[in-house]
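User: Please take a close look at one part of this model, a pair of packed helices. I should like to know how they are arranged and which residues form their contact.

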Amino acid sequence: MAIIIDDISRTFREFLILPGLTRKEHIPGNTSVRTPIQRYSREKGPGICLNVPFTSAAMQAVSGTELAIALSRKGGCSFIYCSQPIEEQAAMVRKVKEHKAGFVDSDSNLPVSATLQDAVDLRRRTGHSTIAITADGGRHSKLVGILTSKDFWEFKDDLSQPIKNYFTPLEKLVLAEEGISLQEATDKLWKHKKECLPIIDKDGRLRSLVFRRDYFDHKSNPDELTDDKKRLFVGAALNTFDYKTRARALVDAGADVLCFDSSDGYSEWQTEAARYLRQEFGEKIILGGGNVVTREGFRYLAQEAKLDFIKVGIGGGSICITREQKGIGRGQASAVLEVADERDKYFKETGIYVPICSDGGLNNDTEIILAMVLGADFVMMGKYFAQTHESPTPKITYKSRVYKPYWGEGSNRARNWARYKEGESGPMLFEEGVDAYVPYSGHLSDKVDISIAKLKATMCNSGANNLKEFHQNTRVTRVSELTIVEGGASTVEQLDRIYTERE
């Protein structure tokens, strides 16, 4: 007979946080939500961290380039979905990396022989208004000049004219030589009141560009998450089939972190793939995986696959029907509690800390906070981000309300059958996700600001100034059904209900 676990599978709604002593230093301004996304040793301490503990799920309806850019600016990380051709996924990663940087590797370049029409076509393809004119059109060729949208009028000028009659030539440009610091480059832009500063080497070849707008972007987003070249931080998903080719393309495109996207990561398939990637790339990449819901699953991936972080959760997502279809999974709170306990035991035994990510089962800010207090180092969310303006789906109005399409990666719409058919081929025989709509919630920046404000306020109420203290010192109690009812607005007439009835 099956082994029965003498425990109830619990959700986040079944817990409440008990307040701790709030001292005078416990104010939001002193509270840090930085969290590790990479395994580390006790001796060295945390390495690469997220500035806010939020990541977006590797889903077609969620993690597009616009959302990845917006979330990185807030201090989190998106995982560009892998249910698409390798070249397209790599192009999405590259677009995020090139969107904002300290020193931008120019990807909008034309030779001197080009026409204005060539410039218009290039601008439409890339969305970039600044074009470097080089000797042969290469990104690292000898710089000849710069053409911007201010140099000509698309609907007034003759587009068959050569660009040499319009661009600003090299001798009239403000330039800097390779080796200049970002601060020095920014100061030079400010001094000369320029929008763009080309960086050239001693032979006059273009090395990079520094833009004025990047400085203001950074000042407007103090928690912005970037790499060592000041480029936006972005992740990408992998499967366990074409991972060799896909990983290489994603790393070359600049992906900072890779993660296996699987409904069940407690498998030899994932361990085999992880070992290959670690041998191929060494410590050059951050590598995550999962999903698991037991201490055995965590231990297996931490020891055998040596992953940098491990995702927790099966069947808890709002559009996931894995539990209905296959009867497999676990209440998300129970899964996080057990895996977090095993993570802490593993750290005590080995001196290696492996962060865990709570993936799924988060329906509101309260449940995000509970996931964190129960042990998650960070969370991964789909619906939360699918509702935002920056998600890649169009807005739809229905009965005077605005919605956005949202579907699971295990649905027929995503056609990501390879994610579920380990080692087999053929069509997807059944779905593990549904196709739905979610209410539009506005811009990601505003939404994340509110969620982080709530998280920090709760940490202050608990007497914690950082997430480690929040994990270790906070007391949590289970609740009854009546406690849940008592906690809501259940004994008053709410204004929106009265207004609705009047209408």
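Analyst: The following account describes the packing of helix H6 with helix H7. The model is predicted, and local features need pLDDT of at least 70, side-chain atom pairs count only at pLDDT 80 or more, while totals for chains, interfaces and linings use all residues. Residues are numbered from 1 along each chain as its sequence is written, and side-chain values use heavy atoms, with hydrogens and water left out.

Helix H6 spans residues 243–253 and helix H7 spans residues 268–281; helices here are DSSP runs (H or I, at least four residues), numbered from the N terminus. Their axes come within 11 Å and cross at roughly 40°. Axes are lines fitted to C-alpha atoms over the stretch in contact, and angles run from 0 to 180 degrees between N-to-C directions. H6 and H7 are therefore oblique to each other, since angles under 35 degrees count as roughly parallel, over 145 as roughly antiparallel, 65 to 115 as roughly perpendicular and the rest as oblique. The crossing of the two helices is right-handed, that is, the near helix is turned clockwise from the far one by less than a right angle.

On the H6 side, the contact involves Tyr243, Lys244, Ala247, Arg248 and Val251. These meet Glu272, Ala273, Tyr276, Leu277, Glu280 and Phe281 of H7, contact meaning heavy atoms within 4.5 Å. By class, seven residues of this contact are nonpolar, none is polar and four are charged. Ala, Val, Leu, Ile, Met, Phe, Trp, Tyr, Cys and Pro count as nonpolar, Asp, Glu, Lys and Arg as charged, and the others, Gly among them, as polar.
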